[in-house]
Amino acid sequence: MRQLSITGGLLELSTQLDEGASVDLTMHVSSAIVQAKAEMLFPMRATLGYSQPFRFTGLRTEERRRLETALRTLLESTTASATGGHGPDFRPPRFFLESF
């Protein structure tokens, strides 16, 4: 998993999946396990294999809450370690947020 958001994400795969393929995903995010249905989007050739985006098509309410909580926790812990004890108005460099 390269990127993850509340609407979908980006996977690194050794073999591409068909665009439009319906998949069941089980993800370990922080200490949560999230299960959802997703649709695979257009694959892109990467250095080793493929980068393939997906969008969630079936994310139950409880799973969505679990994902939101896990992503918020990860973002807060990443931001806290990046601020190095700076105040609440400190903003990490833009490239840092984009790489997460």
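This short talk walks through the fold, the core, a hairpin and the salt bridges of one protein chain.

Good morning. A word on the model before the fold. This is a predicted model, where local features need pLDDT of at least 70 and side-chain atom pairs count only at pLDDT 80 or more, while totals for chains, interfaces and linings use all residues. Residues are numbered from 1 along each chain as its sequence is written, and side-chain values use heavy atoms, with hydrogens and water left out.

Now the layout. The protein chain has 2 helices and 6 strands. Helices (H or I, at least four residues) and strands (E, at least two) are DSSP runs, numbered from the N terminus. The order from the N terminus is β-β-β-β-β-β-α-α.

Some totals. The chain has 100 residues, and 29% of them count as buried. Buried means under 20% relative accessible area, exposed means over 50%, and partly exposed is in between, with a 1.4 Å probe and protein chains only. The accessible surface of the chain is about 7,000 Å². Carbon and sulfur atoms hold 52% of that surface. These areas come from the Shrake-Rupley method with a 1.4 Å probe, and for residues only the protein chains shown count as cover. Next, contacts, meaning heavy atoms within 4.5 Å. Take the contacts with a separation of 6 or more: residues 24 or more positions apart account for 50% of them.

Let's look at strand 3, residues 22-29. Which of its side chains are buried? Val23, Leu25, Met27 and Val29 are, and they point to one face. Ser22, Asp24, Thr26 and His28 point to the other face and are not buried. Why the alternation? In a regular strand the side chains alternate between the two faces of the sheet.

Strand 3 has a partner. Strand 4, residues 32-40, runs antiparallel to strand 3, and 8 bridges join the two. Strands count as paired if DSSP finds at least two bridges between them. One bridge pair is His28 with Ile33 in strand 4. The two strands form a hairpin with 2 residues between them. Ser30 lies in the loop there. Its phi is near 60°, a positive value in a residue other than glycine. Ser30 counts as partly exposed, at 47% relative accessibility.

On to the core. A nonpolar core is a set of buried Ala, Val, Leu, Ile, Met, Phe, Trp, Tyr and Cys residues joined through side-chain atoms within 4.5 Å. The largest one has 16 residues. Which members touch the most others? They are Leu25, Val29, Ala38, Phe54, Phe56, Leu59 and Leu67. Strand 3, strand 4, strand 6 and helix 1 (61-83) each give two or more residues to this core. Strand 4 gives the most, with 5 residues. Take Phe56. Beyond its neighbours within four places in sequence, Phe56 contacts residues including Leu4, Ile6, Leu25, Met27, Ala36, Ala38 and Leu67.

Two polar residues in strand 6 are worth a stop. Gln52 is found in strand 6. Is Gln52 buried or exposed? Gln52 counts as buried, because its relative accessibility is 0%. A polar atom of its side chain lies 2.8 Å from the backbone oxygen of Leu17. Ser51 is also in strand 6, residues 50-58. Ser51 is buried too, with a relative accessible area of 16%. Leaving aside residues within four places in sequence, its contacts include Leu10, Leu11 and Pro43.

Last topic: charges. Side chains of opposite charge can pair when their charged atoms come close. A salt bridge here is a side-chain nitrogen of Lys or Arg within 4 Å of a carboxyl oxygen of Asp or Glu. The count comes to 8.

Asp24 and Lys37 form one, at 2.9 Å, N to O. This pair links distant parts of the chain, with Asp24 in strand 3 and Lys37 in strand 4, 13 residues apart. Asp24 is exposed at 60%, and Lys37 is partly exposed at 44%.

Helix 1 has its own pairs. Glu63 meets Arg66 at 3.2 Å, N to O. They sit 3 residues apart, about one turn of the helix. Glu63 is buried, at 3%, whereas Arg66 is partly exposed, at 31%. Arg64 bridges to Glu68, with the closest N and O atoms 3.3 Å apart. Arg64 and Glu68 are 4 residues apart in helix 1, so about one helical turn separates them. Finally, a network of salt bridges links Arg60, Glu62, Glu63, Arg65 and Arg66.

Technical notes
Polar contact = N/O pair within 3.5 Å; in protein donor to acceptor, adjacent residues only side chain to side chain.
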